[in-house]
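Take a walk through this fold, from its core out to its sheets and salt bridges. Keep the model open alongside the text.

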Amino acid sequence: MRISLVQPNFRQGGNTFSGYWLPHSIACVYTFVEQKNPDYFDVNRVIFRREAVAVASESMRNDGMVLFSCYMWNWEYNLELSKRIKEINPDAIIVFGGPQVSEFRLEEQQEEFHWVDSWIVSEGELSFEKLINELRESGTIQKTYDAQRLMDLDIPSPYTNGFFDQIIQDNPDIKWSTTLETNRGCPFKCSFCDWGSLTYSKIKKFPVPKVYQEIEWLGKNKIEYIFVADANFGVFPDRDSEIVDVMLEVQAKYDYPKVFNANWHKNSKQNVIPIVKKLTSNGMNRGMTLSVQSMDTDVLKAIERKNMDMSHLKDMFELIEAEGLGTYTELILPLPLETPNSWRKGLAEVLDIGQHNSIEIWFHQILENAQSNLPQHKDEHQFETVELAGYVSGDKEHDDDGILERTEVVIGTKTMPYDDFIDSWMYATMIINLHCGGWTQLLARYSHQSGTREYREFYDYLFDSLYVDQGPVGDLWRKVVSIIKDYTTGKPSPYSGHTLLWYLNRLLHEDWKATQTFIKETFKDLPKELLEAQCDFMYSPEKLGDYNYSKTYNSNWFAYLKGHRGQVTQGETKISFEHQHSETLDDHLERLYFRRRFGYGKYIIT
């Protein structure tokens, strides 16, 4: 059987890193079946990037089968490519699998995309094995395959069995990213997620020797970026800590991988922190995720999720800060039962528990196999949705066909209509860019800890001030409001996707002096020296090359950035400022996004 395997993704990276993902998912499915049919397959193509459809389809003109792995980042591309293949090669067997194959509206997909011959639902290994066995025995296949999950994960590795060797050899200039599985399954069933909601299941572990052998292969083959594709890495602290030890040993041996990232355990406990610290101390980790999605108990109940209690979250952040580790917190907007008031209150609570480094807000994406995609769920919460073109995207290819992936997102609910959604999104934009970005962080933390203004009061006041400001900052603010309204109503916009959240910070840095003037004027009731210290805290693009300096203040205003909760210490205090290097203004502006979780744009205070 002459076969091609298709799992394209976008070129990713920007800044100092740019590369491609190895097509790990489809390789796992193929190697599982190939080991039992060693003389049956003749692999023609393995498509890992978004090649020109005309060229890619022509290269598969004589294939007997083309197997596609489908998800949100390649669905539209795969549909176009598969249709073109079928047109020029009607005898080719087109097989679709992956998370985009629906578990509850499959008949609708099969009718609409009629040129696809067979659909694999859920996990792929056993289903593809059954398909091949039936094809070999009878020459026919079924329209749908939906086998049970694998119970035994002692399965072949596409890494160690040589599947990727030729791809890497043929593309010596590519920096590779890939996924590593140490377990499968998720015990949580959050309604917005397609990992646990309809595949709610017990976690099953891959054999430890297999995991170690794969890590060795990843280092030896100079894989740059590793994403641990477990739903809850750290859920087995002892085992996962030992896996990290091996990762660090391999990194020391080969100087690869360069970066390690993971889906950390949804309700991480303190025993996960030593694992994060190991990776951070070695420079491999991008920070620990403490996702809450919402801080409102009614919302959490509606999405079938439970966060840690506030006291435990505070303890976690205090311990993380004491260890000098980076964190970021994710929330989703708008979730069922979220209101403008609960949203603002929740963001203030996130600041109160100690998250000042990085907050990320995701649109509520309607994933194909998530509970939130069920008609009864949408009707119950009166979802208003829109399809956003290019929400999931990457760097353009030289032979790009302009095929945009489309993502359905919620832009209104029964408790948060569209106008309130825009208002809430902009409130989050303010917190992310002005607090986490640093522009008002010292002022807000001083006001909160001294009892002058709580976070909610402080940022409600700033929010209103941004809308009424008639200077340059107010103009920038209204520009971002206009962009998000255009984008979420389908109007042409040069800006799109998740990265739009940080666009405001770039604009503020481009007009650094006007931004500082606005902040000083808005909070002129605060101590003058505090306002100067806030200004000094922010790195100016006019100071390119001025990465270190010292200054003496009459009070230690910066103690609040180190978790100090008492009164400001009076008396002369010398503060040292240090900032990461950036060679050009463009480089500086780009790093505001790509280095956001590392505090870029703010000075490190000693």
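What follows is a tour of a predicted model, taken in steps.

Start inside. The largest nonpolar core has 152 residues. Within this core, Phe128, Trp264, Ile361, Trp425, Met430, Tyr459 and Phe558 touch the most other members. Helix α14, residues 418-436, gives the core its largest share, with twelve residues. Another core lies apart from it and has 23 residues. Val66, Tyr77, Trp119 and Val121 are among the members of that second core. In soluble globular proteins, nonpolar side chains tend to be buried together.

Now look around Tyr459. Which residues does Tyr459 contact, leaving aside its neighbours within four places in sequence? They are Leu351, Tyr427, Met430, Ile431, His435, Thr440, Gln441 and Ala444.

Follow α14 to its helical partner. Helix α15 spans residues 441-450. The two helices pack with their axes 8 Å apart, at an angle of about 95 degrees. An angle of 65 to 115 degrees counts as roughly perpendicular, and α14 and α15 are therefore roughly perpendicular to each other. On the α14 side, Leu434, His435 and Cys436 make the contact. On the α15 side, Gln441, Ala444 and Arg445 do so.

Next comes a parallel sheet. It is open, has three strands, and runs in the order β13-β14-β15. Strands β13 (288-289) and β15 (359-363) stand at the edges. Each edge strand has a single partner, so one side of each is left without a neighbour in the sheet. Strand β14 covers residues 327-333, and its parallel pairing with β13 rests on two bridges. Thr289 stands opposite Tyr328 in β14.

Two helices cross this sheet. α12 lies across β14 and β15, at about 175 degrees to β14. α14 also lies across β14 and β15, running at about 155 degrees to β15. Thus α14 can be traced through several settings: it supplies the largest share of the largest core, packs with α15, and lies across the parallel sheet.

Stay with α12 for a salt bridge. The side chains of Glu349 and Lys345 meet there, at 2.8 Å from N to O. What separates Glu349 and Lys345 along helix α12? They are four residues apart in this helix (residues 340-352), or about one helical turn. An α-helix has 3.6 residues a turn, so residues three or four places apart point the same way. Glu349 is buried, with a relative accessible area of 18%. Lys345 is partly exposed, at 45%.

Helix α17, residues 472-488, holds another pair. Asp475 forms a salt bridge with Arg478, and the closest N and O atoms are 3.0 Å apart. These two are three residues apart, again about one helical turn. Asp475 is partly exposed, with a relative accessible area of 43%. Arg478 is partly exposed too, at 29%.

Move on to the antiparallel sheet. This one is open, with three strands in the order β18-β19-β20. The edge strands are β18 (548-555) and β20 (604-605), and each pairs on one side only. Strand β19 spans residues 570-578 and joins β18 through seven bridges, in the antiparallel sense. Asn548 stands opposite Glu578 in β19.

Helix α20, residues 528-537, lies across β18, β19 and β20. It runs at about 165 degrees to β18. Is α20 largely enclosed or left open? Seven of the ten residues of α20 are buried, so the helix is largely enclosed by the rest of the structure. The buried residues are Leu530, Leu531, Ala533, Gln534, Cys535, Asp536 and Phe537. They pack against α15, α19 (512-522), β18, β19 and β20.

One of those buried residues carries a charge pairing. Asp536 forms a salt bridge with Lys551, with the closest N and O atoms 2.8 Å apart. Asp536 lies in α20 and Lys551 in β18, so the pair ties together parts that are 15 residues apart in sequence. Asp536 is buried, with a relative accessible area of 10%. Lys551 is partly exposed, at 28%.

Finally, step back to the whole structure. How many salt bridges does a search of the whole structure find? The count is 36. Salt bridges also form a network, which links Glu123, Glu125, Glu181 and Arg184.

Conventions
Residues numbered from 1 in each chain as written. Predicted model: local features only at pLDDT ≥ 70, side-chain atom pairs only at ≥ 80, totals over all residues. Heavy atoms only, no water. Core = buried A, V, L, I, M, F, W, Y, C linked by side-chain atoms within 4.5 Å. Buried < 20%, exposed > 50% of the residue type's maximum accessible area, 1.4 Å probe, protein only. Contact = heavy atoms within 4.5 Å. Pairing = 2+ DSSP bridges. Axes fitted to C-alpha atoms, helices over the stretch in contact; angles between N-to-C directions. Salt bridge = Lys/Arg side-chain N within 4 Å of Asp/Glu carboxyl O. Parallel < 35°, antiparallel > 145°, perpendicular 65-115°, else oblique.
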